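Please open the model in a viewer and keep the selection panel at hand. The tour below moves from aromatic rings to charged side chains.

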Amino acid sequence: MSDLPIFDNNVFPFDARGVAKRFRHAAIFGALESLQDGETMRFVNDHDPLPLLGQIQQRYGSQVQINYVAREPGNIVIDFAIRLGAEEPAPEANAPRAGGCGGGGGGCGCSGH
């Protein structure tokens, strides 16, 4: 990940690995809501947070674009780009689905819905 341009005027890093499991989703939503149009949050995690991605799509629709930068076991990097002028899709459209984040003891603790 050292060759990824993390610090940019419009790209803000968010390392979820350092946030207590019980606070992760609230912290992520708070961070997303603090971004302005055209800004991006570069999210780093140790597992693929598919239920969280579904929640983000359901809550924000196409106003938050989700793009994987790295998708390897133990190293997930996702850009969440804010596009406030984007149209809203139908609810649940194209939402990622999975049973839970990470599984085992390393998950984020979400309920998977």
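A residue is called buried when its relative accessible area is under 20%. The structure shown is a predicted model.

**Aromatic rings**

Begin by selecting F14. Its relative accessibility is 14%, so F14 counts as buried. Next add F43, which is likewise buried, with a relative accessible area of 1%.

Now display the aromatic side chains throughout; the whole structure holds 3 aromatic pairs. With F14 and F43 still selected, inspect their rings: the centres are 6.3 Å apart and the planes meet at 15 degrees, so this pair is stacked. Colouring by secondary structure places F14 in strand β1 (residues 11-15) and F43 in strand β2 (residues 40-45), so the pair ties together parts that are 29 residues apart in sequence. Extend the selection to F80, since ring pairs link F14, F43 and F80 into a cluster.

**Arginines over rings**

Move to F29 and show R59 with it. R59 lies over the face of F29, at 4.3 Å from the ring centre. Then select Y68 together with R71: here R71 lies over the face of Y68, and the distance to the ring centre is 4.0 Å.

**Salt bridges**

Keep R71 on display and add D48. The side chains of these two residues meet in a salt bridge, at 2.8 Å from N to O. D48 belongs to the loop between β2 and α2 (50-60), while R71 lies in strand β3 (residues 64-72), so the pair ties together parts that are 23 residues apart in sequence. R71 can thus be viewed in two settings: over the face of Y68 and in the salt bridge with D48.

How many salt bridges does a search of the whole structure find? The search finds 4, and two further examples follow.

Select R42 and D79. Their closest N and O atoms are 2.6 Å apart, and the two residues form a salt bridge. R42 lies in strand β2 and D79 in strand β4 (residues 75-82), so this contact ties together parts that are 37 residues apart in sequence. Are the two partners buried or exposed? R42 is buried, and D79 is buried as well.

Finish at R17 and D15, which form a salt bridge with the closest N and O atoms 2.7 Å apart. At 40% relative accessibility, R17 counts as partly exposed. D15 also counts as partly exposed, at 36% relative accessibility.

Methods: Residues are numbered from 1 along each chain as its sequence is written. This is a predicted model: local features need pLDDT of at least 70, side-chain atom pairs count only at pLDDT 80 or more; totals for chains, interfaces and linings use all residues. Side-chain values use heavy atoms; hydrogens and water are left out. Rings of Phe, Tyr and Trp (its six-membered ring) pair if their centres lie within 6.5 Å; planes under 30 degrees apart count as stacked, over 60 as edge-to-face and the rest as tilted. Helices (H or I, at least four residues) and strands (E, at least two) are DSSP runs, numbered from the N terminus. Buried means under 20% relative accessible area, exposed over 50%, partly exposed in between (1.4 Å probe, protein chains only). A charge sits over a ring if NZ of Lys or CZ of Arg is within 6 Å of the ring centre and within 35 degrees of the ring normal.
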